[in-house]
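Here's a quick briefing to read alongside the structure. Keep the viewer open and follow the topics one at a time.

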Amino acid sequence: MIGQLEFGEEDKKDALRRVWNLCLTLLETKVPVVTFQSFIRPIQPLQYEQDNITLGVASAYARDWLQRNATNAIRSALEFHLDTVGLQVVFIVTARDAQRASDPNRPPRPTQHELPLDDEVFPEEDILPPTKLIVSPVPTLAPKPNKSTATGRTGRKTDSRSAQLEGLPIPSLPLNDKYHFETFLVGRSNRLAHAGSMQVAANPGEIYNPLFLYGGPGLGKTHLLQAVAHTIRKNRPEARIAYVSGEYFAQHYISALREHDTETFRKQYRMVDVWVVDDIQFIAGKEHTKEEFFHTFNALYQSGKQIIFASDRSPRELNTMDERLRSRFQSGLIADIGAPDLETRIAILQKCRQRENANIPDEVLTYIASAIQSNIRALEGALTKLLAYSSIMNTPVHAELAQEVLSEYFIEKPVPSRRVTIGEIVNRVSELFGITREAILGPGRNKDVSQARQIAIYLCREILPELNTTSTGVAFGGRDHATVVYACQKVKAMRSIDPELDALITRLYREFVG
């Protein structure tokens, strides 16, 4: 690891911006999507002087919320990427116009309707408190000029439906403006998924319905989902598009149950024209949510509305999902997205180089592409980290710098000499920390239990690489993907600043691996 970083006077602000972009990548894995979009992403890095970092926010409410609930997570991310400790993070309210000027590419924020969420949907008490869902207002639809809208039974139905829709918000997450078909690189591993998505975008509700994309994290599923939504929105501005995640849908449904307003919930979803659901595996263990999801699917499918899903597993592997749902998933086009080949990985990095207008030798791109083979997000993150270090240290990018900065991505891990089980790891952590096995696997949320659980999750992921985040979460009491990712990121960050904890985890690791 390179020593503590220092900013040069000339590009201090630009360097801080690059480091903050790295922090966003890390923080995005720690918190629910809605919280990240509502509170974390709008933050603007303003100043880094000595050990003080000043961050700009748009309102006093956002400032107070971040100070109460996210200071530690943000400080940890900054200290991790700056390779330092003892930072002080200060939030100040800046004018919206000033924030817009500092980020001219940010789209205008839509009018928002907010729905409260239930505490139980968040992975850990020390990650985030309850937050609020954001849903965009539905556009008013102009009826088509035909005879039926003026008189007769059909006309009355159209008018009635328009009246029902007026003012009713679409439950939707914001779309990332970077995710278009033009920015998606096609290779052998994703050709079918790309072609199917293009067809659906051109003919929603008429072909490949439902469309089901699956593959590992960071391979482009979300990119394709949002590219479809962007294209339909451009070609058919009147279309009602609901882009949500499985977690979002579950949270929204819990909120509707608590507020005794499930009727409005059902109208919101069943009147959309395009339903896009990312990470549907998150609803697999939620019985009531699965039932509502099933009925929503049926209502939209029978009405000829376009349905698009994405998951980290194929429908056949969604074992905890209702068989009725799995059979319906298989009634349309199922397309997997595999890891990109070397040529595609190099092309992705070349596109990133062009976008950043950076001077990076081809040999460096080939080195990164050869070392990172399974995750596009990690590929782009490695390049971003390399550019940030180059800017901060005021040195050109070359092969030696790439090897030094990115070595943590490519450490070869020894294979255990015998088969190790999750139960063995949990039992050893339980014994060492004095926390019962039941508490580690259960719902307990106090600090000591959370730390022991996070270390056990981290060790499982390090020692048993064949486990994916979903299966790890299931083993630890049915926790979700975000909880597992957060636990690993937090333990990794703590190891870098706590030598005693680092030594303890190293000892535990060697007990199993040797």
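A salt bridge here is a side-chain nitrogen of Lys or Arg within 4 Å of a carboxyl oxygen of Asp or Glu. With that cut-off, Arg270 and Glu292 pair up, since their side chains come to 2.7 Å, N to O. Bear in mind that this is a predicted model.

**The big picture**

- The protein has 514 residues, and 49% of them are buried.
- As for secondary structure, you'll find 23 helices and 11 strands.
- Take the contacts with a separation of 6 or more: 73% of them are between residues 24 or more positions apart.
- The accessible surface adds up to about 24700 Å², and carbon and sulfur atoms account for 49% of that.

**Glu292 and its two arginines**

- Side chains of opposite charge can pair when their charged atoms come close.
- Back to Arg270 and Glu292: this pair links distant parts of the chain, with Arg270 in helix 11 and Glu292 in helix 12, 22 residues apart.
- Glu292 also meets Arg266 in a salt bridge, at 3.1 Å from N to O. Here too, distant parts of the chain are linked: Arg266 sits in helix 11 (residues 262-270) and Glu292 in helix 12, 26 residues apart.
- Is Glu292 buried or exposed? Glu292 is buried, because its relative accessible area is 3% and the cut-off for buried is under 20%.
- Arg266 has a relative accessibility of 27%, so it counts as partly exposed.
- Arg270 is partly exposed as well, with a relative accessible area of 27%.

**Where helix 10 meets helix 12**

- Helix 10 (residues 246-258) packs against helix 12 (residues 287-302) at an angle of about 105°, and their axes are 10 Å apart. That angle makes helix 10 roughly perpendicular to helix 12.
- On the helix 10 side, the contact is made by Phe249, Ala250 and Tyr253. Helix 12 brings His288, Thr289, Glu292, Phe293 and Thr296.
- So Glu292 turns up twice: it is part of this helix contact, and it forms a salt bridge with Arg270.

**Other salt bridges**

- How many salt bridges does the structure hold? The count is 14.
- One of these joins Arg353 and Asp362, whose closest N and O atoms are 2.8 Å apart.
- Arg353 counts as buried, because its relative accessibility is 19% and buried means under 20%.
- Asp362, its partner, is partly exposed at 47% relative accessible area.
- Elsewhere, Arg428, Glu431, Arg507 and Glu511 are joined into one network by salt bridges that share partners.

**A nonpolar spot on the surface**

- Which residues make the nonpolar surface patch of about 190 Å²? Leu46, Val90 and Ile92 do.
- Leu46 belongs to strand 1 (residues 44-49).
- With 31% relative accessibility, Leu46 counts as partly exposed.

**Far apart in sequence: Thr384 and Asn21**

- Thr384 and Asn21 are 363 residues apart in sequence, yet their C-alpha atoms are 8.3 Å apart in space.
- Thr384 can be found in helix 16 (residues 376-393).
- Its relative accessible area is 31%, so Thr384 is partly exposed.

Technical notes. Residues numbered from 1 in each chain as written. Predicted model: local features only at pLDDT ≥ 70, side-chain atom pairs only at ≥ 80, totals over all residues. Heavy atoms only, no water. Patch = residues over 30% accessible without salt bridge, like charges linked within 9 Å, V, L, I, M, F, W, Y side chains within 5 Å. Areas by Shrake-Rupley, 256 points an atom, 1.4 Å probe, with all protein chains shown as cover. Helix = DSSP H or I, 4+ residues; strand = E, 2+ residues; numbered from the N terminus. Buried < 20%, exposed > 50% of the residue type's maximum accessible area, 1.4 Å probe, protein only. Axes fitted to C-alpha atoms, helices over the stretch in contact; angles between N-to-C directions. Parallel < 35°, antiparallel > 145°, perpendicular 65-115°, else oblique. Contact = heavy atoms within 4.5 Å.
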